[in-house]
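Biologist: I'm new to this one, so could you take me through a close look at a single strand, and then show me how the rest of the chain is laid out around that topic? Plain words are fine.

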Amino acid sequence: MKRSTTLPILLIATLLILATVIPSPTAQAGYADQPPPLPGWTHPVSYGLGVDTTARHGINLGNAPIIRSSPVIAEIDGNAANHKEVAVVTSDGFLHVRRANGTQLWSPVQLLPAPCSPQSGDHVGNSNPVVGELLSDGVPYIVVGYGSILPSNCDGGIVAVNGQTGQIVWRFSLRQWQQQQGYAQEELYGVGGSVALADADGDGKMEIAFGGFDRNLYLLSAVTSTTYTVRWYYHAADTIWSTPIFYNIDNDPELELLAATDITANDQLLPPTQDGGFLYAFDIAPRTPKRIEFHTGFIWRTYVDQALYSSPAIGDVLASNPGSELVIGSSCWLPVSPINIPVTKKGRWVKIFRLSDGAVLQTLNAPECVESSPALGDIDGDGKLEIVVNVGWAGDNGIPHSETIAWDPENPTPKWRTIPYSANFSLDPNVRFNDPNGGNLQSPVIADINGDGIVEVVTANFWSVVILRGYDGQQMTCYLSPACGAQPSLYAWYTVKSTPAVGDINGDGVLDVVIGGGHQFVNGPSAEPPITAHLYAWTNLATVFPGQTPPSGYQTAPAYSAPWPQFRRSATNDGVLNVPGLQAAITELFVLTDGSTPETYEIALSSRDGSSLNLSLSESGDSQNIISATLSSPTVSGTTPSRVVMTVNAASVANGVYPVTLTVSAPSLPAVTINVTVRKVTVVYRTLTPYIAR
């Protein structure tokens, strides 16, 4: 049931070899014209004329280049007065944190417990750090995975690091867990995906969910500042690349855990499996025994025909379906083939699932397999969410380049498709640089980078961070030197293969853009190795990207809004975005009654984005006064519930059908209409049907 993991490593090796043979460029407009670096986010001495910016962008971290790990912007040291910090992991497994002024918060943390020997081209720092108050006591912790992708003697697992001290407070080792549990030894222990954090049961302590290459999905809970407990682990029977997500799918007090996995064909299992992937929903309650066997223990499971490396996002993207939906891409694994022999891959889609039962509601068509993770946001100013991903894999024969693609979720055909180009250092204005594998690791983010109320899509491609105009995908950063003149770029001097982060790091009210990578010319124009990790931060982008006039009908957002600013949206990887709005659990109710006794019904109300809403209730069409309705609470928010409490009393009316309309309103938002149909009959016959649930 194990899948070879050589293909992604071959990709990385190919890209890094490509990076080492690019000649030293000559100084010219475009790649050299950049927004200013965030103060302090520079290296002290220039690397040479034509191979560095005059402002010396990028902090030299000294370790191996950052490849897979995406930076996270968060409150890490617990001191809001000195603003935000940025955390990232280098490919050799060191966790770095930098203050807003670029200085080191504490010494880099070696994530592995002991030296080890990953295979050539493999790395031990592949996970994105997440940040949260595990105990709700004001102390932030960084939780991050470690371990190799290919079989090796390296340990793998996750660690929790105290954000104030930089000390590892606990470690969950997959190798030690396997030995403790006594199940068959695995060849793989690494964690390549990221962790999801949430207080799933409301006890003030966070739950910690992640998947491993050891074929298990884990759910842990923080207990004290130095301890955790394992609630359960599910044997998924194949590797897990995707980051799980917490969400309440059934309106009970607790969140559920949703996770995506791979699966390999195996006719020895009962029932047999076929190649593809599974999307699961699990209850978060502790289990005894802790191990959940394959094929058991989930709320629902949905099969798709491609392995799932993409990490899910949740938002209210389909008006036709009440509440929020889950959005996810696929991977580029099946059918298995060498990257240099392109075939027609499965998974040329983004799918939208109903959260209550895992049903597929919509399939968005893509020109190639979709391995990146979706970003959600209103990119065209219509008040509704769109979906954006990166697409591109050299082993798929769909397109010869990578693209960034956006959809209106109701329409399977893309809204726009753009080939993102890196800034061009060639003297030939016709030469363009695009990473054909630009959908493999990096995902897009969405933010208003220049404060004009029009959101942009930001993504990494080749040696640059590329900025696209949100509503039509037009590239705003330079890619044709010298033809683009002084049009600026966010040029990173090395292959960038992660997701950028956008946020106000230093508290000046404007957004900054951060990416981790390397610098090809750290040792001068000769590009002598070793190449070291660099962490870049650009600021004041409005100075080089002037504000634009929105198209007709565009509802501008507040300046510097950021609906999806980093991987999985937040520092905890919550992956959830909803536009402000009011919604009801149901909008149609049919009541059959004989009028012998009053009957009471309750309809749950919720705030889509969790913000507090003031409610009012009105009633129309009830000329017979059959219905009386009230609100259980005049406000609703993410923490304050409210319900429509409705009593039906048809004792005094004749048999017949009586339609009534209830309207729940909140200021400045569309009202919710609940249509109630009461049918009065002479006798209602009732019977009891046995129901058994496991």
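Modeller: Let's start with a word we'll need: buried means under 20% relative accessible area, exposed means over 50%, and partly exposed is in between, using a 1.4 Å probe and protein chains only. Helices (H or I, at least four residues) and strands (E, at least two) are DSSP runs, numbered from the N terminus. Keep in mind that this is a predicted model, where local features need pLDDT of at least 70, side-chain atom pairs count only at pLDDT 80 or more, and totals for chains, interfaces and linings use all residues. Residues are numbered from 1 along each chain as its sequence is written, and side-chain values use heavy atoms, with hydrogens and water left out.

Now the strand itself. E18 covers residues 300-304, and its side chains alternate. Trp300, Thr302 and Val304 point to one face and are buried, while Arg301 and Tyr303 point to the other face and are not buried. E18 also has a partner: strand E16 (residues 276-283) pairs with E18 in the antiparallel sense over 5 bridges. Two strands pair if DSSP finds at least two bridges between them. One of the residues you've just met takes part, since Tyr303 in E18 is the bridge partner of Phe278.

Sheets turn up elsewhere too. One is an open sheet of 4 strands in the order E23-E24-E25-E26, with antiparallel pairing. Its edge strands are E23 (375-377) and E26 (416-418), each pairing on one side only. Neighbouring strands of this sheet are turned by 20° against each other on average, direction ignored; axes here are lines fitted to C-alpha atoms, for helices over the stretch in contact, and angles run from 0 to 180 degrees between N-to-C directions. Inside that sheet, E24 (residues 386-391) and E25 (residues 403-407) pair over 5 bridges in the antiparallel sense, and Val388 has Ala406 in E25 as its bridge partner.

Another open sheet of 4 strands runs E34-E36-E41-E39, again with antiparallel pairing. E34 and E39 (627-631) are the edge strands, each pairing on one side only. The twist averages 25° from one strand to the next. E34 and E36 (residues 599-607) are joined by 3 bridges and run antiparallel, with Leu605 in E36 as the bridge partner of Ala584.

For buried spots, try Val159 in strand E8 (residues 157-162). Val159 counts as buried because its relative accessible area is 0%. Leaving aside neighbours within four places in sequence, Val159 is in contact (heavy atoms within 4.5 Å) with residues including Leu111, Ile142 and Trp170. Leu111 is 48 residues away from Val159 in sequence, yet the two are 7.2 Å apart in space, C-alpha to C-alpha.

Loops hold buried residues as well. Val51 is found in the loop between helix H1 (6-20) and strand E1 (59-60), and at 0% relative accessibility Val51 counts as buried. Val51 and Gly524 are 473 residues apart in sequence but 7.4 Å apart in space, C-alpha to C-alpha.

How far should you trust all this? The predictor's confidence in each residue is pLDDT, from 0 to 100. The protein chain averages a pLDDT of 92, and 94% of the residues score at least 70. Over residues 1-29, though, pLDDT stays under 50.
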